[in-house]
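Hi everyone, thanks for coming along. Have a look at the structure on the screen, and then I'll walk you through a few parts of it.

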Amino acid sequence: KNQVIVSASERVRGYDLMNGKVIWECAGMSQNVVASPVSQNGMVYLGCSYDKRAMIALNLKGAKGDITGSDHVVWSTNKRTPYVPSPLLYKGTLYYLSHYQGILSRVKAKTGREIDGPFRLSGIGNVYASPVAAANRLYITDRSGTTLVISHERNPRILAKNQLDDSFSASVALADRELFLRGEKFLYCIVEE
């Protein structure tokens, strides 16, 4: 069933898209949740770290009512969870930044088991933009205009460090082979020719 999933203060809820009624809800979120949930294959992943750190993976198959503490909660952790940037779900891997700092965690989405890491991303500061991925590369842009390009592989490598003279809080948008970055001053389109 199509639903809208909203991560909010103290609880996350799934609403029926047709009538707005709550289908399910789950406790465990902090106050002032900023990061958006990500989902794939009937699972949803939520993170927060304002006054309480939590990353929660929920199986939505058959979820109804209050699912707090039920089998629908597949895994959870309180280590290095995100505050502003949303997690990135890419090819079965869940990536997320600690609070809004340059510390990247990488776990298997199905189990929450840490693959390696965490990784301290050198040369990157406060990150408000959510990481994105394409062509086996992750793109992480910080507020000072630095974008790190990181390989999606067993031993991630920094492939490039790019700098624009602007400040970025918005997430990079991907379209075909183009990357769009909205800075405080300008809108940029980066494309390989």
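I'll talk about a sheet first, and then about two pockets.

Please keep in mind that this is a predicted model.

Let's start with the sheet. Four strands make it up, in the order E13-E14-E15-E16, with antiparallel pairing, and the sheet is open. So which strands stand at the edges? Those are E13, residues 132-134, and E16, residues 158-163; each has a single partner strand, so one side of each is left without a neighbour in the sheet. Going from one strand to the next, the twist averages 20°.

Now zoom in on E14 and E15. Residues 137-141 and residues 146-151 form these two antiparallel strands, and five bridges join them. If you'd like a pair to find on your screen, Ile140 stands opposite Leu148 in E15.

On to the pockets. The largest has a volume of about 530 Å³. Its lining counts 22 residues, and nearest the centre lie Tyr139, Arg177, Leu179, Ile190 and Glu192. Which strand gives the largest share of that lining? It's E16, with four residues. Our sheet strands E14 and E15 each supply at least two, and so do E17, E18 and E19. By type, the lining divides into 13 nonpolar, four polar and five charged residues.

The second largest pocket holds about 160 Å³ of space. You'll find Gln40, Asn41, Met43, Tyr45, Gly92, Ala109 and Lys110 lining this one. Here the split is three nonpolar, three polar and one charged.

That's my tour, thanks for listening!

Terms used: Residues numbered from 1 in each chain as written. Predicted model: local features only at pLDDT ≥ 70, side-chain atom pairs only at ≥ 80, totals over all residues. Heavy atoms only, no water. Pairing = 2+ DSSP bridges. Axes fitted to C-alpha atoms, helices over the stretch in contact; angles between N-to-C directions. 1 Å grid on protein atoms, 1.4 Å probe; cavity = no way out; pocket = protein on both sides within 12 Å on 5 of 7 lines; lining within 4 Å. Points joined across faces, edges and corners; volume = space filled by probe spheres on them. Nonpolar A, V, L, I, M, F, W, Y, C, P; charged D, E, K, R; others polar.
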